[in-house]
Every structure is written in C-alpha cells, then in structure tokens.
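Reader: Please show me the protein and its ligand. I should like to put some questions about them.

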Amino acid sequence: MIEPLERVMAVNDRLLLQIEKMEVVYHHVITAIQGISLNIGDNQIVALLGTNGAGKTTILRAISGFLGLDNAKVTEGSICFQGEEIQNKPPHIITQKGIVLVPERNKVFEHLTVEENLHLSAGLTGEQDQKILDYFPVLRRIKRRLGGYLSGGERQMLALAAALLCRPKLLLIDEMSLGLAPLVVRDLMQLVKTIREENRVSILLVEQNATAALEIADYGYVIENGRLVYAGDIEKLKNHKDIQEFYLGRGEQQSRKSYREVKQYRRTRRWYG
Ligand code: ATP
C-alpha cells in the first residue's frame, strides 16, 4: 500500500525543494494544477509520472519560473527552494539560485556547433567543467557539428551537458526519453544516475516512460488531471499493483490498459491525494 501523503512528506528532513498545496492557472481561467505538494530531498532523484496533459510540464515551468511566458501563474500555495519562496519569480533569478531546466523541446541551439552551445552555458575553462564533459565523450568527438544535425540522443546529451555546466543544485529534466530508442534511453538514465552519484545535485525527472524513470529514481510522484494520486519511495511504487498495471504495463493480462479503462477503473476506487 502507498503511504498516505502526509506521512511521506513529514519524514524527509533534508529538503532542497518543497512545494506546498500549489495551484497553477493559465490565462486566468484554466486551472492546470490543483493543490499539489511535492518534496525533493538533497541529492535525490525524484520521478514525476503521469499521462498526457496531467500537468507534469506545468510543474516544471512553475519551479523554473517559465510559467510567465505562457501567461500562467502560481495562484495558491508556495514553492520553497532552500527555505526561500520562489513562486512566480522570473526564470533568470531562479536559475541564479541553482535550478536549471532541460526542456522537452528546443533543447539546443540548432545553428550553433556543439562547442558553441556548451560555451553559451558556461565558460569552459575550469577543471570542473572538463570533468563534466568527461561524462559525454561523444560530444568531444562531434564538437564542431551543428546542433541541428545531431541525433536525438546526442541532442539530449548536449542539453544535459549544457545544463550541468550551469552548476545546478536542482536539475529539472523534461521527458528525456521522448523519441529515443530503448537502449539510448537506458544509457542516458544510467548516465544521469552516475552524475547524481558523483556530484551534489538533485534531479526531478518528468517522464511518461515510467519504467525508465523508476529504474533510477529514489522517490516517485504520480499525477493525473493536475492532482497528485500517488507518492511513495521507489520500491513501493514499483511493487504497487496499480502502478504496475497502469504505468508499467504489467497488468493481470500482461498488457497496458487503455486510458479510458484506467479512468473507468479509477472511478470505482478511492485514491490518495
Ligand atoms: P504531456 O506529457 O503531454 O507533455 P503534461 O503532463 O506535461 O503533458 P502539461 O503540458 O503540464 O501536461 O499540461 C497540463 C494542462 O495544462 C493541460 O490540460 C494543458 O492543456 C494545459 N496547458 C498547458 N500549457 C498550456 C498553455 N500554454 N495554455 C493553456 N493551457 C495549457
């Protein structure tokens, strides 16, 4: 059984980010997020799962400050980063505090080379920067290639490297697996795990590919229609029957149910959140 949210939230004593009862509204009328609370601990990988339109990207936009670009706002609740409220602050202020977003689309500058993309993120002079690039040997090999000519996996690596060069305390990664072959996804996920192990960085991983995300995360949240429906540590999530059935595609008939069936199922049960 998944733990009730209140208990889960209370036990995490080394919080980096704390979202409390957040509501997000687009264009003053469309409520996309309702009463969501979510914690990210120090050096933790947290997976945020949910189907299309659940509100995952909106949560990332709220944390990173990009909501304003879409005429949206945090209208209720708060987002605290290292104890300081940051909701509705502009993106450049939030980036300065150490929160860096790797967006789902437009990850790299297509008309710049790999090298130029990296230079834009940070001065590539220090030892630490070289250490970060050591995680991505392929980028050294293709440093003069234009961003627009990179494969999906190379593009994702470039985006990750560029984000890491900003020395984030919290990295927000939106749909890293999107459009990539399973083997590439597996390698990228392992790379993210290694980066977390060898650097002091927390990661919020937004994914539709629950299987990939749960492989490396410590803790997971599941949202549906802008509300939190599950929260739990990763072993509990992986072993939870509903998560297996609806997100990992391991139902009683060994097949993923359709979204409609899931909805039908949900109406017949009581959920947390
Ligand atoms: P996906 O996995 O498909 O990217 P998601 O979980 O990231 O979905 P969001 O993109 O956060 O979901 O969208 C959550 C809700 O907010 C949806 O109902 C969507 O229609 C709405 N929404 C998102 N962006 C905007 C926008 N710019 N203007 C109005 N509504 C929006």
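Author: Helices (H or I, at least four residues) and strands (E, at least two) are DSSP runs, numbered from the N terminus. The model is predicted: local features need pLDDT of at least 70, side-chain atom pairs count only at pLDDT 80 or more, and totals for chains, interfaces and linings use all residues. Residues are numbered from 1 along each chain as its sequence is written, and side-chain values use heavy atoms, with hydrogens and water left out.

Reader: Which element gives the most residues to the shell around the ligand?

Author: The shell takes in residues with a heavy atom within 4 Å of the ligand. Strand 2 (30-41) and helix 2 (56-64) are the elements that give two or more residues to this shell. The most, 4 residues, come from helix 2.

Reader: Which residue has a side-chain N or O atom 3.0 Å from a nitrogen atom of the ligand?

Author: A polar contact is a pair of N or O atoms within 3.5 Å. An oxygen atom of the ligand lies 2.9 Å from a backbone N or O atom of Gly55. For the nitrogen atom of the ligand, the side chain at 3.0 Å is that of His27.

Reader: How much of the protein counts as buried?

Author: Buried means under 20% relative accessible area, by the Shrake-Rupley method with a 1.4 Å probe, where only the protein chains count as cover. The protein has 273 residues, and the buried share of them is 51%.

Conventions: Polar contact = N/O pair within 3.5 Å; in protein donor to acceptor, adjacent residues only side chain to side chain. Buried < 20%, exposed > 50% of the residue type's maximum accessible area, 1.4 Å probe, protein only.
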